[in-house]
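Q: Please take a close look at one helix in this model. I would like to know how it sits against its surroundings.

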Amino acid sequence: SAAEKGGWPSFMAKEVSEEPEAVANTIRGRVHPGAEGGEVVIPELDGLDELFVGIRHIIVIACGTAAYAGQTGAYAIEQWTRIPVSVELAHEFRYRDPVIGDDTLVVSISQSGETMDTLMAVKYAHEKGAKTLSICNTQGATIPRESDAVIYTHAGPEVAVASTKAFVAQITALYLLALHVGRVRGVLSAAESADHVRELEAIPAKIQRVLDEEQAHIEQFSHWMADTQSVLFLGRHVGYPVALEGALKLKEISYIHAEGFAAGELKHGPIALIEPGQPVFVIVPSPRESAELHKKVVSNIQEIRARGARVIVVAEEGDAAVLPFADEVLRIPLAGPFFEPLLAVVPLHIFAMGLANAKGLDVDQPRNLAKSVTVE
Ligand code: G6P
């Protein structure tokens, strides 16, 4: 009903507007003041340090948007814990006789906690002796009940079929987990961890700024794209899973063919798709965090622009290098290493919604899809 949507035209619009609080609520109660600054303390993991002690491998399993959250979080988990991380689609994981055992931590991610593919992968991991931790948005759901430990995301109920606020909450929970494990294993100092906590705590206000400053702009240009047949998304490093998520959202709710690519892969194939007028979103890495990657992605932009692509960049405020080659520039505030995805995904969610609205589609109930897929 209209009241349930809180005055928004759709649940998806309401849920995108709730991305800042989804992050804030997922952090809340899990950061304590420490001598060096904020320290991550996850009450649900109290007394469960043994889950992280003998671990030599972390495997993240999920489906759909949750898998892209996993792919995003994997960079920070590996960096902050120095444990090798791989990310797998839950339905692929179980059927290839994976090498797992009691030195493996399987982290599952599921908004609903009921996705059958993910549940079966968790059960399988458990049978093989792996340790299992669930990241879930639904209290008491089946997947957390079948896991050794759970970190709940506090995004609040998500009604629209396409996941938005749960995605940013899942990445937030993965970062909290990474900081916790990094500290338990002595990889991160209290001061390093506190720096990351400060960055994380600043994210909700920065997401709010993206919503306030870019929403009207994006909705406007998504209208001229209503007849677009195909949209490509390019990203590199943590921007790569953001590109995948941007493409998925577009497929899900606007029924437009969309693909996400790793920007470095462009020259190995996808560049053949570029013809005049082809819209391409490019998630540009921060020039402050990595001048090298930034330069490479800017040169990708030049290459596609030279072939007539219509380039829409998502770039950090102050990044002027992208201006000469961009048809549209979507700005995100500065954020610390690994935190850009929590900002860069917001314009992509708004864009998918704007385009679906421009086509007159029901953004909350896309055809052929279910919110929670409880069959294999
Ligand atoms: C379905 C939904 C997707 C969602 C995926 C995983 O396919 O349509 O939006 O990302 O399931 O759902 P989960 O509840 O496990 O996060």
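A: What follows goes through helix 11, then turns briefly to a sheet elsewhere in the chain. The model is predicted.

Start with the extent. Helix 11 covers residues 291-306, 16 residues in total. From the first C-alpha to the last it reaches 22 Å. That is close to the 22 Å expected at 1.5 Å a residue.

Now the buried side. Six names belong here: His294, Val297, Val298, Asn300, Ile301 and Ile304. Viewed down the axis of helix 11, these buried residues fall within an arc of 155°, so they line one face of the helix. The cover over them includes strand 8 (230-235), strand 10 (279-283) and strand 11 (310-316).

The face turned away from that buried side carries exposed residues. They are Ala291, Glu292, Ser299 and Ala306.

Next, the exit. Gly308 follows helix 11. The phi of Gly308 is positive, near 95°.

For context, consider an open sheet of 5 strands. Its order is 4-3-5-6-7, and the pairing is parallel. Strand 4 (85-89) and strand 7 (149-152) are the edges, each pairing on one side only. From one strand to the next, the twist averages 20°. Strand 6 (residues 131-136) pairs with strand 7 in the parallel sense over 4 bridges. Cys136 stands opposite Tyr152 in strand 7.

A helix lies across part of this set of strands. Helix 4 (residues 65-81) crosses strand 3 (57-62), strand 4 and strand 5 (104-110). Helix 4 runs at about 175° to strand 4.

Methods:
Residues numbered from 1 in each chain as written. Predicted model: local features only at pLDDT ≥ 70, side-chain atom pairs only at ≥ 80, totals over all residues. Pairing = 2+ DSSP bridges. Helix = DSSP H or I, 4+ residues; strand = E, 2+ residues; numbered from the N terminus. Axes fitted to C-alpha atoms, helices over the stretch in contact; angles between N-to-C directions. Contact = placed C-beta atoms within 7 Å. Expected span 1.5 Å × (residues − 1). Buried ≥ 20, exposed ≤ 12 C-beta atoms within 10 Å, placed from the backbone. Arc of directions from axis to C-beta.
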